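Here's a quick tour to read with the model open beside you. We'll start with charged pairs, then move on to the sheet, the packing and one odd loop residue.

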Amino acid sequence: MVMANRVNVKNEELKDRLVAINRVTKVTKGGRTFSFSAIVVVGDGQGVIGYGLGKAGEVTAAISKGVESAKKNLIKIPVIHGTIPHAQQAHFGGSKVILMPASEGTGVVAGGAMRAVLESVGIKDVLAKSQGSSNAHNLVKATILALSQIRDARQIAAERGISMDKVFRG
């Protein structure tokens, strides 16, 4: 996964959201051993997002490990007037996500794992569709991959070496 736009943010500004918890069973000679894996999303609500996976014998320990992992992998997303600048799609594993900008007042039209990611990043209006697998881990990774591929007009102008007027003119 390409994470070219990594950022560092103070921990006080980040809010974490639990996306999913899985109970994993390991069968041994002595019986069953239970452990938990938790996927967590952290964001500041202003365009910074990260996800992490934590595994431990207890739920709280798995969540805290996931939060620490998520804080190490933060990226910056361009959010313009509460929505994304352009439509974008991505897939990870068997999950495919489609994100489309929406007009003000639409809200976050997305389900489950995608909703947690989009609300954590600070997007208020977006139309989202997931196709294929509904596995929470793959949906989170596909959504963040799609968000990381979004570019705003300033990035495009800088990459092409032209002014902002030429980007919009044609």
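Which side chain meets Arg115 in a salt bridge? That would be Glu119, with an N to O distance of 3.2 Å. Bear in mind that this is a predicted model, so treat what follows as a reading of that prediction.

**Salt bridges**

- Searching the whole structure turns up four salt bridges.
- Arg115 and Glu119 both sit in helix α2, and because they are four residues apart there, about one helical turn separates them.
- Glu119 has a second partner to look at: Arg17, where the closest N and O atoms are 2.5 Å apart.
- That pair ties together distant parts of the chain, since Glu119 belongs to helix α2 and Arg17 to strand β1 (residues 15–28), 102 residues apart.
- How exposed are these three side chains? Glu119 is partly exposed at 31% relative accessible area, Arg17 is partly exposed at 32%, and Arg115 is partly exposed at 30%.
- Elsewhere, Glu159 and Arg151 make a salt bridge, with their closest N and O atoms 2.6 Å apart.
- In that pair, Glu159 is exposed, with a relative accessible area of 53%, whereas Arg151 is partly exposed at 35%.
- Back to the earlier trio: Arg17, Arg115 and Glu119 are joined into one network by salt bridges that share partners.

**The four-stranded sheet**

- Four strands make an open sheet in the order β5-β6-β8-β7, and the pairing is mixed.
- At the edges are β5 and β7 (108–109), each of which pairs on one side only.
- β5 pairs with β6 (residues 95–101) in the antiparallel sense, over five bridges.
- To find your place in that pairing, take Ala90: its bridge partner in β6 is Val97.
- The hairpin of β5 and β6 has two residues between the strands, and Gly93 there takes a positive phi near 60°.
- Helix α2 (residues 112–121) lies across β6, β7 and β8 (126–132), and it runs at about 145° to β8.

**Ser95, a polar residue tucked away**

- Ser95 is found in strand β6.
- Is Ser95 buried or exposed? Its relative accessibility is 1%, so Ser95 counts as buried.
- A polar atom of the Ser95 side chain lies 2.8 Å from the backbone oxygen of Ser133.
- Setting aside neighbours within four places in sequence, Ser95 is in contact with Ala90, Gln131, Ser133, Asn135, Asn138, Leu139 and Ala142.

**Nonpolar cores**

- The largest nonpolar core has 30 residues, and Ile49, Leu99, Leu118, Val140 and Leu147 have the most contacts inside it.
- Which elements supply at least two residues each to this core? They are β2 (31–43), β3 (48–56), β6, α2, β8 and α3 (136–148).
- Helix α3 gives the most to this core, with eight residues.
- For a look at the packing around Leu147, leave out its neighbours within four places in sequence: Leu147 is then in contact with Ile77, Ile84, Leu99, Val117, Leu118 and Ile123.
- Another core lies apart from the largest one; it has seven residues, among them Leu14, Val40, Val48 and Ala70.

**An unusual backbone angle**

- Most residues other than glycine have a negative phi.
- His81 goes the other way, with a positive phi near 55°.
- Where is His81? His81 lies in the loop between β4 (75–76) and β5 (88–92).
- The relative accessibility of His81 is 77%, so His81 counts as exposed.

Notes. Residues numbered from 1 in each chain as written. Predicted model: local features only at pLDDT ≥ 70, side-chain atom pairs only at ≥ 80, totals over all residues. Heavy atoms only, no water. Buried < 20%, exposed > 50% of the residue type's maximum accessible area, 1.4 Å probe, protein only. Pairing = 2+ DSSP bridges. Contact = heavy atoms within 4.5 Å. Axes fitted to C-alpha atoms, helices over the stretch in contact; angles between N-to-C directions. Polar contact = N/O pair within 3.5 Å; in protein donor to acceptor, adjacent residues only side chain to side chain. Core = buried A, V, L, I, M, F, W, Y, C linked by side-chain atoms within 4.5 Å.
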